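Trainee: I would like to go through this structure and ask how each label is justified. Please show it first.

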Amino acid sequence: MLGTRDPLFLTGVTFPPEYAICEETRVKLTVYDVKDKSQETRSFLGCTTFSVGDLLKSKDQQLTLSLRTSDGTNTVGTVVVSHLKMGEIEDGEVDQIAADAQGQKYTLVCEAASHGTANDKDNNPLMNAVFKNPVCKVYRFQTVDSKWMFVREQMAECTLSFNIPKQLITLYIQEDMRRIQELKDLGDLSSHWDNLRKEVINHYGQMISSYQETLTELNKLTGNHEHARSKTCNKKCSTQELLTEDNSLCIDLTSAPEFSRSSFKPSCSKAEKYLEFIPINLHTQRMRVSCPRKTDAAYDVITVGAPAAHFQGFKNGGLQRLLSRFEAEKKNFSTAYQCIYYSPENTAKAKEVLTNIGLLQPLISSLADQLLQASQQHSSELLKEALKTLSDKTEQFVHALKDELVKNALLALYTARPSYVNKRHSTVCNNVDGNESPSKENCPHPLKRQDSIPHHSEYDEEEWDRVWVNVAKSLNCIIAMVDRLEEHENNNQETATDPKLADVITSHTSWDWQEQLYPLVVTLKDCVTEVVDRAKKSMTFVLLQEAACSIHQGLVLKQRRDVVFSQALAALACGFVMRLYAGLEDKGFLQQLHLVGLIAQFESLLSTYSEEIGMLEDMEVGISDLQRVTFKITEAKSEDPNDLQPIVSGRRDYYTVEVPLPREVFDVLPNEIKEGKPLQVYPVLFNVGINQQQTLAERFGDISLQERINQKNFEILDGYYKSLSEKVPLQYLPCFQTQSDLKELLETLQQNILTKKRKNVEILWLAGTICRRLNGVRFTSCKSAKDRTSMSVTLEQCALLRDEHELNKDYFIRALDCMRRSNQINVRALNKGTSGRLNGKINELHNQLKEKEDTRPSTGNCMMSSLIAPGQMAILCRFYTIARRFVYCICIVLFVQTKTCFSSVDM
């Protein structure tokens with residue numbers, strides 16, 4: 001106890017889920033007199049023990065225990081332990097134990113009995129397959145009507161922290177190996193282009209080797225950290241002393257075994273090379289609230305360090321700046337390397353064509369085989385259905401390749417062939433020997449940029465058009481043949497009156513159907529193969545020229561982008577899975593998910609100063625790249641945890657994340673989702689720097705990056721709302737106590753973005769509120785997802801308790817104080833992230849960030865007071881005052897010197 005004999009205890013200590021609570025379980029309570037919390041100076045007062053069985057069997061489920069000294073001779077106080085109920089919830093009740101010291105109750109959670117049960121939404125087998133090592137806390141706070149609400153806060157690690165990056169690295173390796181093979185398949189090239197090709201292949205090989213080393217190290221890390229946990233309640237284990245958050249009552253409880261560290265990456269490892277693809281401090285945090293006479297509510301947030309290439313550093317800026325500089329310099333490189341400059345749009349188009357080719361060619365071949373099978377079965381219905389699908393996909397294939405970029409690239413590839421170069425050299429030599437000037441129509445044009453593609457009289461530019469037109473003609477022949485076969489079948493049915501004769505005709509016709517269609521199907525496949533071969537080579541040549549323009553710089557940027565995207569996708573997949581699991585019984589959410597998609601709002605607290613500018617530039621590109629990701633829901637093979645892990649497929653320009661669900665869960669989903677409809681995600685990023693470095697940036701630096709990011713992502717958020725309003729009834733959205741109109745909230749957010757206001761954290765507050773009302777998933781980030789992140793999350797949670805659950809205003813600061821203490825869930829993340837940093841430092845940080853206001857921070861300035869330490873603000877103000885005086889003194893000195901000079905001139 002600290003400074004009082006009558007403490008008020010609001011916070012619980014959780015029994016670890018690894019140890020099932022039973023009647024034989026014994027709990028030891030130890031009370032200390034704390035002198036200095038930051039220095040952990042305390043003196044022992046007394047202790048007592050009891051068993052859970054004694055509590056449950058006691059009258060009124062209440063025990064009165066005496067605190068005794070260490071030798072057990074003297075009594076120093078009394079503790080009353082009561083058995084409580086955490087409100088009525090849908091799947092039953094959660095038992096609690098409360099310790100009462102001097103009439104004040106302290107909540108202890110008895111949750112081991114509910115962990116792992118099918119009805120526990122936070123700890124069912126589906127959740128436990130992806131979310132590991134949960135750490136729980138339970139609080140109780142008073143409402144405005146003097147009732148008690150119970151708040152259960154659970155933080156967990158996510159297996160996707162390592163799982164998703166490992167899959168991505170494997171896909172990166174496979175894609176780069178395919179790219180090397182495609183470059184080799186280009187065939188003979190002139191010596192100039194052949195040397196460039198060899199150099200590009202060499203750099204691809206180096207990157208593949210680096211990725212393979214990283215993947216090997218990650219497999220070692222995740223493969224050797226399996227921790228066997230005992231589930232018997234009779235097992236004896238050590239005890240640890242836990243310092244409480246309110247009045248420093250220390251209670252010795254059965255300690256949990258050390259958590260496996262293979263599910264997350266601490267911030268102290270952010271600069272390690274082999275962990276650069278892994279997100280920093282990725283954790284899920286769920287706050288479940290149970291109030292009297294109200295439905296339980298849950299609020300989720302994902303905390304993660306800013307997706308950035310920390311190992312590579314930020315000396316030259318982040319991705320956004322590096323990519324802009326690269327595109328500007330690539331035009332000069334293209335001239336130096338005698339390449340054709342292709343814009344980023346055309347480069348992306350080339351990658352898209354290659355992706356479409358890879359997807360559609362095997363699909364068309366499979367559909368053609370299905371057509372032949374239908375003809376063999378002599379089924380008109382199956383034949384029509386197979387033909388319709390084949391026609392749709394073939395038309396899609398032709399449309400994808402009917403592009404001028406493909407035609408121009410084929411011509412550029414023709415000019416890079418040795419035959420063209422030799423012919424050109426021979427023509428020039430003959431003209432020189434004969435002292436004749438070459439005519440314009442025979443002289444090949446020099447290689448220029450894309451807006452002036454070279455033309456040559458010997459190259460047939462219409463040949464490509466004829467090639468892909470042959471695909472359409474082959475399809476038309478198949479359609480015509482199917483029509484003839486059906487017409488012939490109808491005529492046979494009308495003329496065949498004798499049953500025996502009808503059987504003979506049907507048998508003969510069945511053979512004729514397949515015999516007539518087979519050569520046409522073979523022709524279609526051959527035409528598709530020819531088109532694919534030419535298109536693939538032309539697009540590969542486009543990408544070769546892009547890589548050749550700046551071989552080293554371009555591949556380094558690609559690797560940096562891979563790293564940032566890997567971290568961002570791991571966080572997004574974690575948030576999507578958590579939101580999906582929470583909304584499986586919400587029909588409105590599922591309809592919104594397949595009709596419109598899911599909004600993913602990233603809240604960033606990075607400053608626009610020093611190296612954090614580079615982090616923000618990396619994060620901007622990484623979050624934007626998530627637009628290339630779609631999700632699919634599939635049926636899991638079994639309920640084994642390994643079969644419930646999301647699976648990533650695709651290539652750099654397009655990825656799909658498949659989320660398996662158990663059969664009983666999958667069967668009740670909407671048909672559109674069960675049929676594999678791609679589910680879109682709309683990532684948005686809003687950033688407001690809040691630390692002392694941001695103060696320097698706003699006074700002496702540049703914050704245009706932050707302003708541009710907020711404005712750009714507001715447009716995405718506003719577009720999502722408009723699309724949602726058109727496709728989904730707004731009554732399907734979640735209901736809140738504060739029923740502000742979404743349109744009004746968006747208008748207010750836009751006004752705040754356009755307003756030039758320092759550290760306008762109202763932007764983050766409004767964006768978060770809009771995201772929750774749109775059924776979205778929220779992410780909170782700073783440099784390492786520790787100090788600033790935990791302060792922001794706890795403030796948001798307390799505000800939700802007050803606004804949505806009528807938290808007593810006198811308890812707002814106390815609730816905030818509880819959640820920010822050293823051994824709370826959010827700061828345990830800080831402890832894990834810093835590998836056991838001293839609690840004294842955390843307590844000191846908390847004291848600096850302690851809330852001074854007891855009302856809602858409705859304005860930006862008030863909200864800032866809960867996010868920025870008062871001591872830090874005082875230091876900033878003093879720094880600003882000193883700097884201003886320093887500048888003033890310099891101006892006086894310059895004025896005196898100037899006046900002296902003028903006086904000397906006058907003399």
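Mentor: Helices and strands here are DSSP runs, at least four residues for a helix and at least two for a strand, numbered from the N terminus. Keep in mind that this is a predicted model. With those labels, Ser784 falls in the loop between β19 (777-781) and α21 (787-805).

Trainee: Why is Ser784 called buried?

Mentor: Its relative accessibility is 6%, and buried means under 20%. Ser784 is therefore buried.

Trainee: Which residues does Ser784 touch, leaving aside those up to four places away in sequence?

Mentor: Ser784 is in contact with Ser267, Lys270, Ile280, Asn281 and Gly305. Contact requires heavy atoms within 4.5 Å.

Trainee: What makes Glu217 and Lys220 a salt bridge?

Mentor: The N to O distance between their side chains is 3.7 Å, and the cut-off is 4 Å. The pair therefore qualifies as a salt bridge. Both residues lie in helix α4 (residues 191-223), three residues apart, which is about one turn of the helix.

Trainee: How do you know whether Glu217 and Lys220 are buried or exposed?

Mentor: Neither word applies, because Glu217 has a relative accessible area of 26% and Lys220 has 46%. Partly exposed covers what lies between the 20% and 50% limits, so Glu217 is partly exposed, and so is Lys220.

Trainee: What makes Asp300 and Arg286 a salt bridge, and where do they lie?

Mentor: Their side chains meet at 2.7 Å, N to O, and the limit is 4 Å. The pair links distant parts of the chain, with Asp300 in strand β13 (residues 297-303) and Arg286 in strand β12 (residues 283-290), 14 residues apart. Asp300 and Arg286 are both buried.

Trainee: Why is the pair of Asp653 and Arg651 called a salt bridge?

Mentor: The closest N and O atoms are 4.0 Å apart, and the rule is within 4 Å, so the pair is counted. Asp653, at 22% relative accessibility, is partly exposed, while Arg651, at 11%, is buried.

Trainee: How many salt bridges does the structure hold?

Mentor: There are 29. Salt bridges also link Glu175, Asp176, Asp562 and Arg652 in a network.

Trainee: Why is strand β14 described as largely enclosed by the rest of the structure?

Mentor: Seven of the seven residues of β14 (residues 598-604) are buried, so the description follows. Leu598, Ala600, Phe602 and Ser604 cover one side, and Ile599, Gln601 and Glu603 the other, all of them buried.

Trainee: What makes β14 and β18 paired strands?

Mentor: Pairing takes at least two bridges, and seven join β14 to β18 (residues 679-687), running parallel. Within this pairing, Ser604 has Asn687 as its bridge partner. β14 also pairs with β19 in the parallel sense, over five bridges, where Gln601 is partnered by Arg778.

Trainee: How do you know that Cys477 is not in a disulfide?

Mentor: The closest cysteine sulfur, in Cys527, is 9.3 Å from that of Cys477, and a disulfide needs sulfur atoms within 2.5 Å. That is too far for a bond. Cys477 is partly exposed, its relative accessible area being 41%.

Trainee: How many disulfides does a search of the whole structure find?

Mentor: Zero. Cys798 is likewise in no disulfide, as the nearest cysteine sulfur, that of Cys818, is 8.5 Å away. Cys798 has a relative accessible area of 0%, so it counts as buried.

Methods
Residues are numbered from 1 along each chain as its sequence is written. This is a predicted model: local features need pLDDT of at least 70, side-chain atom pairs count only at pLDDT 80 or more; totals for chains, interfaces and linings use all residues. Side-chain values use heavy atoms; hydrogens and water are left out. Buried means under 20% relative accessible area, exposed over 50%, partly exposed in between (1.4 Å probe, protein chains only).
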